[in-house]
Amino acid sequence: MCLGIPGRITEIRDDAGLPVGVVDFGGVRREVCLAYVADEISVGDYAIVHVGFALSRVDEAEAHRTYEILREMGELEELEFLKEAADAAASVEAPSGDGGPS
Amino acid sequence: MAAFTEGGRSLASGAVCPAPRNDQERVQLGHGSGGKMSARLLEERFLPRFGNRHLSPLGDGAVVPVSGEEIVISTDSFVVSPLEFPGGNIGHLAVHGTVNDLAMMGADPTYLSAGFILEEGLSFEVLDRILDAMTEAADAAGVAVVTGDTKVVDRGKADGMFINTTGVGMLHAGFRPNPQGVCPGDAVVVSGPIGRHGMAIMAVREGFAFDAEIRSDSANLAPVVAALRRDLGGAVHCLRDATRGGLASALNEIASASGVGMELEDGRVPVPEPVAGACEMLGLDPLYVANEGVLVAMVAAEVAQKAVDILRNHPVAAEAAVIGTVVESHPGMVVLLTGVGGTRVVDTLPGDQLPRIC
Amino acid sequence: MKYLTEYRDPKLARTLVRRIQAVATRRWTLMEVCGGQTHTIVRQGINEVLSDVVEMIHGPGCPVCVTPLEQIDRALHLAGREDVIFTSFGDMLRVPGSECDLFQVRARGGDVRIVYSPLDAVELARRNPDREVVFFAVGFETTAPANAMAVWRARELGVDNFSVLVSHVTVPPAMTAILDAPDNRVQGFLAAGHVCTIMGWTEYEPLASRYRVPIVVTGFEPLDILEGIWMTVRQLEEGRHEVENQYVRSVRREGNTPAQELVEGVFQVVDRGWRGIGVIPSSGLGLRPEFAAQDAEKKFALDGIRAAEPAACLAGDVLRGRIKPFECPAFGRQCTPERPLGAPMVSTEGACAAYHNFGRFRQEAAAGGD
């Protein structure tokens, strides 16, 4: 019930009253029924496709926004991690002792 | 509960699962998939009747002594439908498939036989194209088709045409790649991107069109094997071409024959974008999709980079890569380290991989 | 591939894992009710990586697994008829019926064909006017609009040799049944992102408030699942029980209205049996009477084909999340993907097959204790 993947609409036409289109999935193209997204889809948009039907238009703005949040979270984590590592290294390099890496 | 007393299995707790065991009394398509059903068919019906010490190793071919020399014999049958597809036709497969099997055993392919079963109604135009392809492929591979046979069957009995080719080749002294030579620490190398042949066929059947067309990767791998042999010799421990059942099946066959485990790294196995796209659409895993021009090699760790460099000098192996390591743990099992930091078992499938809706 | 592969980024995945571990002060028990999500979780080892803070219970989210034995037997009967071309989604072909499966019917001479889209089956009927084409219409709410369109289109084009064998199920009644069970341990749910793409999430709001469980509408890629789990755990830690949407790039609160309308026009709510679980009232979809001509059960008089499911069954316990696949004594021994005893071992989205194909190693490693 779940296998729906995003593809880019490259063509829209009418098949005896049924809106259909061609969707590109990373270089593979297939005909897809667009009846359920007809009012909101244009060539160049992305749609989620399940068993040959477009179920929704990918909201690219939302996708970018939330992905950006994730990415920033990732960068923040990276900075925190580097800081922790630096702090740990600094406390290991105590002034006394034989020095030199083990 | 009457429906379940015949055939229903009682578990330790006394409960009965809803489906009784299905005893299989007939051949099914899954028996030809190269997965577990195929293996069982061999074990249960063929090996007990044909078993002998040349056959038992179940390699890509058999090594047999002839007048003090050791030669390799291999046979393969080709039943693909459609006969012609982007990137080639059944004729290319028929030559490359057997030539590659000989090469995986370490042999130089020299002679082929070709048996044809033609369906009544097959057009001469198609037949000629296929025979031309075979001639071209054989010439390029330096092998001669020295004997053959032709039969014709009624309309509907042969999907156009079936071909069997049997090949012989000569071994080189000291070069005997085989599963017994695989050791923990070996690098697992793949010669190229996976999934092209299986998805090219499926695309014709399903009616996909392509921007970047998915073409079958059918190719002669003997030259790259020869290059590996010349430069690395015995450091090449094992070779196998990844055909039906995909990369996963080839690796599992080696792992279980050699009793080692393997660890692959997610993201290192090359998959072309259109193949990935088609697989995503149908819910298929590229690891199980058929290839016709890809080999896996287990080589000593210290020559891993060299092996990749040698392979990359050849157009058919331009995207060769190290994809994992042979390990001591979980013998016989191939495991993938996932991007998230988890692990998953890459097992052989029971039969053919099925497109899914979930 | 855009809007797909970036949601598999390993670095961001590990960030989310750390976030979940940081926000959890105790171990929580969550359930996903979607085969595709089960597939991703087990395939990526997400439950392994989060095991100290989250226990994922795999709910009955695989429509292939829950299709009642009776419907399978009816399918097998139809597929065996000489005048019928029986079409189906691929994953239904290995599901065992009372005596065999569709692959075996095919081996005996039945014309069984896999289609990618239900419209392909209608086209097949158009091109083969002298044969009857039956399509096995299974699935959750995600697939209902496609199946509805096939029925509608066949009628519109006058393709009268096309019919469907329906076995649709819907998610909210199953979740209710799980929450109502006295031994329920589920504290939060990931709702299926594509089911909600069609239906929206209004049906889940009363569930969240009545049972006081957070429900997060979640996608299918590793980052989606991890973000969905994080949002659910965060709610649990904060004592909230709301419906939230992680899968914002595809799901809106109202869902897909034209799809809902056609489904409503073609289907009606019926009681449905769930294999291994039993009948859940009003949990299924069946064809409306005005589509009797496209209804294979009416066209072919299948009423006589009945199958009894046993009252107690471990496959049902797995489907309800009561036991993990590897806790079933048959798992990996008498019951494997190659020789399945029950449906959850057949479909690769079934919890048992997912565990056997992907997760077995961890259980064995844990048992072996290196």
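**Exercise 1. Describe the secondary structure and overall form of chain B.**

Step 1. Count the elements. Chain B holds 9 helices and 15 strands. Helices (H or I, at least four residues) and strands (E, at least two) are DSSP runs, numbered from the N terminus.

Step 2. Test how compact the chain is. The radius of gyration of chain B is 21 Å, close to the 21 Å that the globule rule gives for 358 residues, so chain B is as compact as a globular protein of that length. The radius is taken over C-alpha atoms, and the globule rule is 2.2 Å times the number of residues to the power 0.38.

Step 3. Add the dimensions. The C-alpha trace of chain B spans about 65 × 55 × 50 Å along its principal axes.

A word on the model before going on. This is a predicted model, where local features need pLDDT of at least 70, side-chain atom pairs count only at pLDDT 80 or more, and totals for chains, interfaces and linings use all residues. Residues are numbered from 1 along each chain as its sequence is written, chains are lettered from A and ligands numbered from 1 in the order in which they are written, and side-chain values use heavy atoms, with hydrogens and water left out.

**Exercise 2. Work out burial, contacts, surface and charge for chain B.**

Step 1. Burial: 56% of the 358 residues of chain B count as buried. Buried means under 20% relative accessible area, exposed over 50%, partly exposed in between (1.4 Å probe, protein chains only).

Step 2. Contacts: take those in chain B with a separation of 6 or more. Residues 24 or more positions apart account for 81% of them. Contact means heavy atoms within 4.5 Å.

Step 3. Surface: chain B exposes about 14,900 Å², and carbon and sulfur atoms supply 52% of it. Areas come from the Shrake-Rupley method with a 1.4 Å probe; for residues, only the protein chains shown count as cover.

Step 4. Charge: chain B has 25 positive and 43 negative charges, with mean positions 5 Å apart. Lys and Arg count as positive, Asp and Glu as negative; His and the chain ends are not counted. Each charge is placed at NZ of Lys, CZ of Arg, CG of Asp or CD of Glu.

**Exercise 3. Apply the steps to chain A.**

Step 1. Chain A has 1 helix and 5 strands. Their order along the sequence is β-β-β-β-β-α.

Step 2. Chain A has a radius of gyration of 25 Å, but a compact globule of 102 residues would have one near 13 Å. The C-alpha atoms of chain A fill a box of roughly 85 × 25 × 25 Å, taken along the principal axes.

Step 3. Of the 102 residues of chain A, 45% are buried. Among contacts in chain A with a separation of 6 or more, 31% join residues 24 or more positions apart.

Step 4. The accessible surface of chain A is about 5,200 Å², with 53% belonging to carbon and sulfur atoms. The mean positions of its 8 positive and 21 negative charges lie 9 Å apart.

**Exercise 4. Place C:Ala192 within chain C.**

Step 1. Start with the chain. Chain C contains 16 helices and 11 strands. Of its 370 residues, 67% are buried.

Step 2. Find the element. C:Ala192 lies in strand β7 (residues 188-192) of chain C.

Step 3. Is C:Ala192 buried or exposed? C:Ala192 is buried, because its relative accessible area is 4%.

Step 4. Compare sequence and space. C:Ala192 and C:Gly110 are 82 residues apart in sequence and 35 Å apart in space, C-alpha to C-alpha.
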